[in-house]
Amino acid sequence: MSAQPDHVLPPATPPAPAAAAQLLEALRADRRAGRWAPAFEADWARALEDSRHSYSLSPLHDVVRTWQARLAAAPAVDAFIASGYDDSDGVALEDILPPRAAR
(Lines give C-alpha, C1' and ligand atoms only; values in the text may rest on other atoms or scores of the structure.)
Protein backbone atom coordinates (compact mmCIF):
# COMPACT_ATOMS: atom_id res chain seq x y z
CA MET A 1 0.00 0.00 0.00
CA SER A 2 1.29 3.43 -0.89
CA ALA A 3 0.96 6.66 1.05
CA GLN A 4 0.99 8.66 -2.18
CA PRO A 5 -2.19 10.58 -3.04
CA ASP A 6 -4.09 9.22 -6.02
CA HIS A 7 -4.84 12.69 -7.35
CA VAL A 8 -1.75 14.82 -7.79
CA LEU A 9 -2.14 18.21 -9.39
CA PRO A 10 0.41 19.07 -12.04
CA PRO A 11 2.89 21.74 -10.98
CA ALA A 12 1.93 25.25 -11.99
CA THR A 13 3.75 26.64 -14.98
CA PRO A 14 5.94 29.57 -13.95
CA PRO A 15 5.04 32.94 -15.44
CA ALA A 16 7.11 34.29 -18.31
CA PRO A 17 10.26 36.19 -17.28
CA ALA A 18 8.76 39.54 -18.33
CA ALA A 19 5.32 38.82 -16.83
CA ALA A 20 5.81 41.06 -13.79
CA ALA A 21 6.88 44.05 -15.89
CA GLN A 22 3.99 43.52 -18.31
CA LEU A 23 1.57 43.17 -15.42
CA LEU A 24 2.79 46.36 -13.76
CA GLU A 25 2.40 48.17 -17.09
CA ALA A 26 -1.18 46.88 -17.38
CA LEU A 27 -1.92 47.89 -13.77
CA ARG A 28 -0.60 51.40 -14.40
CA ALA A 29 -2.85 51.67 -17.46
CA ASP A 30 -5.95 50.59 -15.49
CA ARG A 31 -8.32 53.13 -13.97
CA ARG A 32 -7.45 51.73 -10.54
CA ALA A 33 -3.74 52.48 -11.03
CA GLY A 34 -3.58 54.81 -8.03
CA ARG A 35 -4.37 51.93 -5.67
CA TRP A 36 -3.34 48.84 -7.58
CA ALA A 37 0.14 49.78 -8.79
CA PRO A 38 1.44 50.64 -5.28
CA ALA A 39 -0.23 47.52 -3.85
CA PHE A 40 1.41 45.33 -6.50
CA GLU A 41 4.79 46.97 -5.87
CA ALA A 42 4.44 46.35 -2.11
CA ASP A 43 3.46 42.71 -2.69
CA TRP A 44 6.37 42.34 -5.12
CA ALA A 45 8.85 43.83 -2.62
CA ARG A 46 7.69 41.41 0.12
CA ALA A 47 7.87 38.45 -2.27
CA LEU A 48 11.33 39.52 -3.42
CA GLU A 49 12.52 39.58 0.18
CA ASP A 50 10.94 36.16 0.80
CA SER A 51 12.67 34.83 -2.32
CA ARG A 52 16.02 36.11 -1.14
CA HIS A 53 15.65 34.23 2.13
CA SER A 54 14.21 31.04 0.67
CA TYR A 55 16.22 30.87 -2.57
CA SER A 56 12.93 30.18 -4.35
CA LEU A 57 11.09 32.09 -7.05
CA SER A 58 7.72 30.74 -5.88
CA PRO A 59 6.76 33.85 -3.86
CA LEU A 60 7.35 36.03 -6.94
CA HIS A 61 5.38 33.66 -9.16
CA ASP A 62 2.52 33.68 -6.64
CA VAL A 63 2.37 37.49 -6.68
CA VAL A 64 2.27 37.57 -10.49
CA ARG A 65 -0.45 34.89 -10.66
CA THR A 66 -2.55 36.60 -7.97
CA TRP A 67 -2.41 39.99 -9.66
CA GLN A 68 -3.05 38.50 -13.10
CA ALA A 69 -6.20 36.93 -11.67
CA ARG A 70 -7.28 40.22 -10.08
CA LEU A 71 -6.77 42.11 -13.31
CA ALA A 72 -8.62 39.45 -15.29
CA ALA A 73 -11.56 39.51 -12.83
CA ALA A 74 -11.86 43.30 -12.80
CA PRO A 75 -14.33 43.52 -15.73
CA ALA A 76 -16.66 41.00 -14.07
CA VAL A 77 -16.47 42.92 -10.78
CA ASP A 78 -17.19 46.18 -12.61
CA ALA A 79 -20.20 44.60 -14.33
CA PHE A 80 -21.51 43.32 -10.99
CA ILE A 81 -21.16 46.74 -9.41
CA ALA A 82 -22.81 48.40 -12.43
CA SER A 83 -25.74 45.99 -12.11
CA GLY A 84 -26.58 47.45 -8.73
CA TYR A 85 -25.19 44.53 -6.73
CA ASP A 86 -27.90 42.13 -7.84
CA ASP A 87 -27.10 39.09 -5.78
CA SER A 88 -30.66 37.81 -5.55
CA ASP A 89 -29.54 34.40 -6.83
CA GLY A 90 -27.07 34.03 -3.96
CA VAL A 91 -27.39 32.33 -0.60
CA ALA A 92 -27.55 34.28 2.66
CA LEU A 93 -24.41 33.84 4.73
CA GLU A 94 -26.52 33.13 7.82
CA ASP A 95 -27.98 30.09 6.03
CA ILE A 96 -24.63 28.40 5.48
CA LEU A 97 -22.62 29.35 8.57
CA PRO A 98 -23.22 27.60 11.90
CA PRO A 99 -24.76 29.79 14.61
CA ARG A 100 -22.26 31.69 16.70
CA ALA A 101 -21.85 30.68 20.31
CA ALA A 102 -23.18 33.10 22.89
CA ARG A 103 -20.49 35.32 24.29
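Here are a few questions and answers about this predicted model.

Me: What pattern do the secondary structure elements of the protein follow along the sequence?
Reply: Happy to start there. The protein has 4 helices and 0 strands. Read from start to end of the sequence, the pattern is therefore α-α-α-α.

Me: Is the protein a compact globule or more spread out, and what is its radius of gyration?
Reply: For 103 residues the globule rule gives 13 Å, and the protein is well over that, so it is more spread out than a compact globule. Its C-alpha atoms fill a box of roughly 55 × 45 × 30 Å along the principal axes. The radius of gyration is 19 Å.

Me: What share of the residues of the protein count as buried?
Reply: Good one to ask with the surface in view. The accessible surface comes to about 8300 Å², and 60% of that belongs to carbon and sulfur atoms. Of the 103 residues, the share that count as buried is 20%.

Me: Is Leu23 buried or exposed?
Reply: Leu23 lies in helix α1, which covers residues 19-29. Its relative accessible area is 5%, and the cut-off for buried is under 20%, so Leu23 is buried.

Me: Which residues is Leu23 in contact with, leaving aside its neighbours within four places in sequence?
Reply: Let's look around this side chain's residue in helix α1. Ala12 is 11 residues from Leu23 in sequence and 18 Å from Leu23 in space, C-alpha to C-alpha. A contact needs heavy atoms within 4.5 Å. With those sequence neighbours set aside, the residues in contact with Leu23 are Phe40, Val64, Trp67, Gln68 and Leu71.

Terms used: Residues numbered from 1 in each chain as written. Predicted model: local features only at pLDDT ≥ 70, side-chain atom pairs only at ≥ 80, totals over all residues. Heavy atoms only, no water. Helix = DSSP H or I, 4+ residues; strand = E, 2+ residues; numbered from the N terminus. Rg over C-alpha atoms; globule rule 2.2 N^0.38 Å. Buried < 20%, exposed > 50% of the residue type's maximum accessible area, 1.4 Å probe, protein only. Areas by Shrake-Rupley, 256 points an atom, 1.4 Å probe, with all protein chains shown as cover.
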